[in-house]
Amino acid sequence: MGLEEKLPSGFLLTSVEKLAGYMRKNSLWPATFGLACCAIEMMAAGAGRYDLARFGMEVFRASPRQADLMIVAGRVSNKMAPVLRQIYDQMAAPKWVIAMGACASSGGMFNNYAIVQGVDHVVPVDIYLPGCPPRPEMLMDAILKLHDQIYVEKLGPNRELVIKNVEAAALAALPTHRMKGLLA
Amino acid sequence: MSTYVDPYASSRETTEGTVFAVTGGDWDSLVTEIGQAKEERVVVNMGPQHPSTHGVLRLVLELEGETVTEVRCGIGYLHTGIEKNTEYRSWTQGVTFVTRMDYLSPIFNETAYCLGVEKLLGIEAPERANQIRVMMMEFNRISSHMVALGTGALELGALSPMIFCFRERERVLDIFELVSGLRMNMAYVRPGGVAQDLPKGATAKIRETVAELRKNFKDNEKLLVGNSIWMKRTEGIGYLDLAGATTLGITGPVLRSTGLPWDLRKMAPYCGYEQYDFDVVTADTCDVYGRFLIRIAELEQSLRIIEQACDKLEKSEGQPVMVADKKIAWPSQLAVGNDGMGNSLDHIREIMGESMEALIHHFKLVTEGFQVPAGQVYVAIESPRGELGVHLVSDGGTRPYRVHFREPSFNNLQATSAMCEGSMVADIIGAVASIDPVMGGVDR
Amino acid sequence: MSNDERGSFGIHGTGDTSGYGGLVRNQVSPGSTERPFGGYFDQVTDDLERAYPDFADAIERIVVDRGELTLHIKRERLVDVALILRDRLKFENCLGVSGVHYPADTNRELHAVYPLLSMTNNQRIRLEVSVPDSDPHIPSLVEVWAGNNWNERETFDMFGIIFDGHPGLTRILMPDDWQGHPQRKDYALGGIPVEYKGATTPPPNERRSYK
C-alpha cells in the first residue's frame, strides 16, 4: 500500500495509525451496490431525513475504483455473484464490506437454488447487518461501528501481528456445532 | 490486418467483421488494427452494476459514435425463485414472499395475491378491510412514484428532486409504520382482509399527512414542469405510440402516455374502487415528458382517493377487518408488550382459557393453513407500473400449486429496444427511467 | 384432473398415530362445463365458432370456473385460434405465458396458460395448451402478440417448454449455462440446512409438510 505500511513499529507508527484511521473513517465513500429492497432503504439513508452526508458519505461513487466501502444491499443471485466479485476486485485497498440485510448476510428468507446463501461466500465481510430491510438508522449504526473498527485498525508490522493473533484464536475456538445448551 | 499476435489483445474474424477483445495494456496494437478497419461499431456493456440503470439491469448497446444502433436487455440478475418458494409454504405465508417481488409497491403485490386467493376460496373481504386496502394502495402508489420521479431525475442529472421526493416518501413511510408496523415489505394484507385494524387517531394523522404532501408536491412541479433543460432532455425521447404499445403488451403510465385511458381501477374495479371519485390521467405526447406529467398528476388523484377513503374509514369504525369464517381468518391480534410485539394478552387468554375451538383454529391455521379448493384463477390490479396480474393454481391443499405473477415491469422492459434504437446514449437513460422497471418484479 | 390425497399429514409409514392415515380425499379440478356459460362467455365462444369453423377440432375442453373462461386448445391449432382471437374478436393484448407442471397428468404434463385481454370490449379469457414431457413443443405466439417474446423465454427457462418459431429462445432468468429447469416439480428447491447454535433446521423442501 502506501508509505505508512513501511514504517517500523514504534511510537511513530502508532501516531500514523491514529491519523490514518481518523482520516479513513471520516470520508468513507460507498460504492453503489444496491440490488433489491435494501437498496431503497440505503437511498433513504442517504436522503434528507437520515442524512449520510454528516459522515462524509453522501457521494455514492459509481465507479468502484474510487470507492472504499461496498454496502451489499439486497439479495445476491447466482447470476450476480461473479459481478459482485469483480466489483470487489476492482476496488482499491483499503476496502471494507457491509452485508446489509438478511439476504446479504445469510441468504435471508430465500433458502433456494437461486440465491447465494450469504455474501461472505463471495467477498470477505466486515459488518453483518440484519433486518428485512434494516431501517436507515440501523444502517447508520452499522456504519458507525465500522468507523470504530477502522479507527483502531493497525498498519504495517502491528497489523501482521494482529492478523496472526486473530487466526490463532479462530483456530483454537470452539466451533458452533459443538456449542451446547444455547437453545435453552 | 497486422500479422503481429499480441497475447493480450486477441482479434478474430466473425460474420459481423473483426472482433477485438480488449483487456488493457494493448492500446497501441489495438489502435493500429482498428485504424485499418472500415466501420466503427462499438459494443458497450452498461453492466448490472450501474448508477443509472434503475437496479440490476444489463444493457448491451451497439454504438456508432453517439447513436445507438441496437439495445438488448439482460435481466435475471435478481432472480430469487420466489414463485417456486411459495409452493413450499402455506397460502398465508405466501404473502411474505410475494411482497418482496416488486419491492417499491409491496402492498400491490400482496393485494393481487390475496384477491386471487379470495377468488379461489369464493369469499369476499369485509368492507372496512377493502377501504384500508385502497388507502394503503394509494399511499403505496405515491411512494412508488416518488422513487420513480426521484431516481429518474437523479439519473438525468437533477439532484434536488431526489431529495424532495425522498422527503415526501418518508412521510408516507411514517403512515405505513403507523398502520402496519413496518416501512417496507409489510405483509399486511392477508387472504380474507388485513392483518390488523388501524390504530386510534390514524385517520387524523393521515389527513395531516395528505395536507402536507399536497403542499410539498409543488416543490417538484415548480422545479421541473416547464423547465427548459428538463424538457429538452425528455421531450420527444423514448417515443412509443399506441400501436407499438399494444403490440408489446404495455400497460400503465407508458400506455396512458399514448392517449388511451386504460386503468384497471376504472375498467375492472376491485376492492370497491367503483365507489371512489377520481380521474384517469393521460397524455398524448407518447414521450418521456408525457409519462413524467402523468406520474405527477396521478399523485394528486391518489390524494383524492385517500381523502375519500378516510371519510369512509371514519364512518366504518369498529367493523371487522378480517373475514368472519373462523377456518380462514388469520387468528391472532398483535400488540406490543413488555417483551416486544406478539399476540395480545386478550387473545392468549381467549385461546388458553376460554375457547377450545379458538385454540384449535389458531393451531391449525398457523401450522397447517387453510385449504383452498382446486382450480385456477387470474386476477389483475393496477399497480404504479401497469397491470399486475397473478395466476394462481390450487390442487386443493394448504400450499399453492403454482403462483405466477405477470409483472408489468417485465413486459414493459421489452419496449426498451423499440424506444431507444436510433437515439443517443443519453436518451436511453431517460427512456428506461420513464418505463420505471423494478428489477425485483422483472426477475422475481 | 383429479388426484387422490391419502393421509392427513406428510408422513408415510410409521409416525402417524392419529388414525387419520386412512383418510382418502378426492381432489377434482373443475371439468368441462356445459352451456350456457353465463356473462359474455357465450358471446365469445359463439363468435369464435362462427369465425373459425374448425373450432370443434381445435378445442379440447371449455371450463368456466370462478367467473373465468378457459379454452383448452390443441397445440397444432394454437396459432390459428390466436390469430382469430386477435383479429376478429379483438383480443389485442396477451398478458404473458404461465407454465404449470402437472407430473401426475401423464402425457399432458406441461401446461402453458395464456391470459388474454380485449381492451375494446373489456373482456378476459384464457387459453391453455397441454403437452407431454417427452415432446415439449408448442408453437410460438410471438408473431401474433409481440409482447410474448420474453414470457416464452421465461417459460422455456423455468419449465423446458420449447416454443417453435421463437426468434431467440434462450435462458432469461437463470445464468446462460444453467442445467435444468427450476420451476418443474421434479427440480428440488435447492436449499441448504441452516445451523444455529447447535441445532440444524432442514431446508423448506425437506421439512415435514402438511397436505
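Q: What makes the 18 Å radius of gyration of chain A agree with a compact globule?
A: The radius of gyration is taken over C-alpha atoms, and the globule rule is 2.2 Å times the number of residues to the power 0.38. With 184 residues, that rule gives a value near 16 Å, and chain A has 18 Å, so the two agree. Along the principal axes, the C-alpha atoms of chain A fill a box of roughly 50 × 45 × 35 Å.

Q: What kind of model is this, and how are its parts labelled?
A: This is a predicted model in which local features need pLDDT of at least 70 and side-chain atom pairs count only at pLDDT 80 or more, while totals for chains, interfaces and linings use all residues. Residues are numbered from 1 along each chain as its sequence is written, chains are lettered from A and ligands numbered from 1 in the order in which they are written, and side-chain values use heavy atoms, with hydrogens and water left out.

Q: What share of chain A is called buried?
A: Buried means under 20% relative accessible area, with exposed over 50% and partly exposed in between (1.4 Å probe, protein chains only). By that cut-off, 46% of the 184 residues in chain A are buried.

Q: Which helices and strands are counted in chain A, and in what pattern?
A: Helices (H or I, at least four residues) and strands (E, at least two) are DSSP runs, numbered from the N terminus. Chain A has six helices and four strands, following the pattern α-β-α-β-α-β-α-β-α-α along the sequence.

Q: How do you know that B:Arg444 and C:Glu154 form a salt bridge?
A: The rule asks for a side-chain nitrogen of Lys or Arg within 4 Å of a carboxyl oxygen of Asp or Glu. Here the N to O distance is 2.7 Å, and the pair is a salt bridge. Across the interface of chain B and chain C the rule finds four salt bridges, whereas across that of chain C and chain A it finds zero.

Q: What is the area buried between chain B and chain C?
A: Buried area is the accessible area (1.4 Å probe) that two parts lose on being put together, summed over both. For chain B and chain C that comes to about 4400 Å², with 52% from carbon and sulfur atoms. On the chain B side, B:Lys84, B:Gln376 and B:Tyr401 lose the most area to chain C, together 14% of what that side buries.

Q: How much do chain C and chain A bury between them?
A: By that same kind of sum, about 1300 Å², 63% of it on carbon and sulfur atoms.
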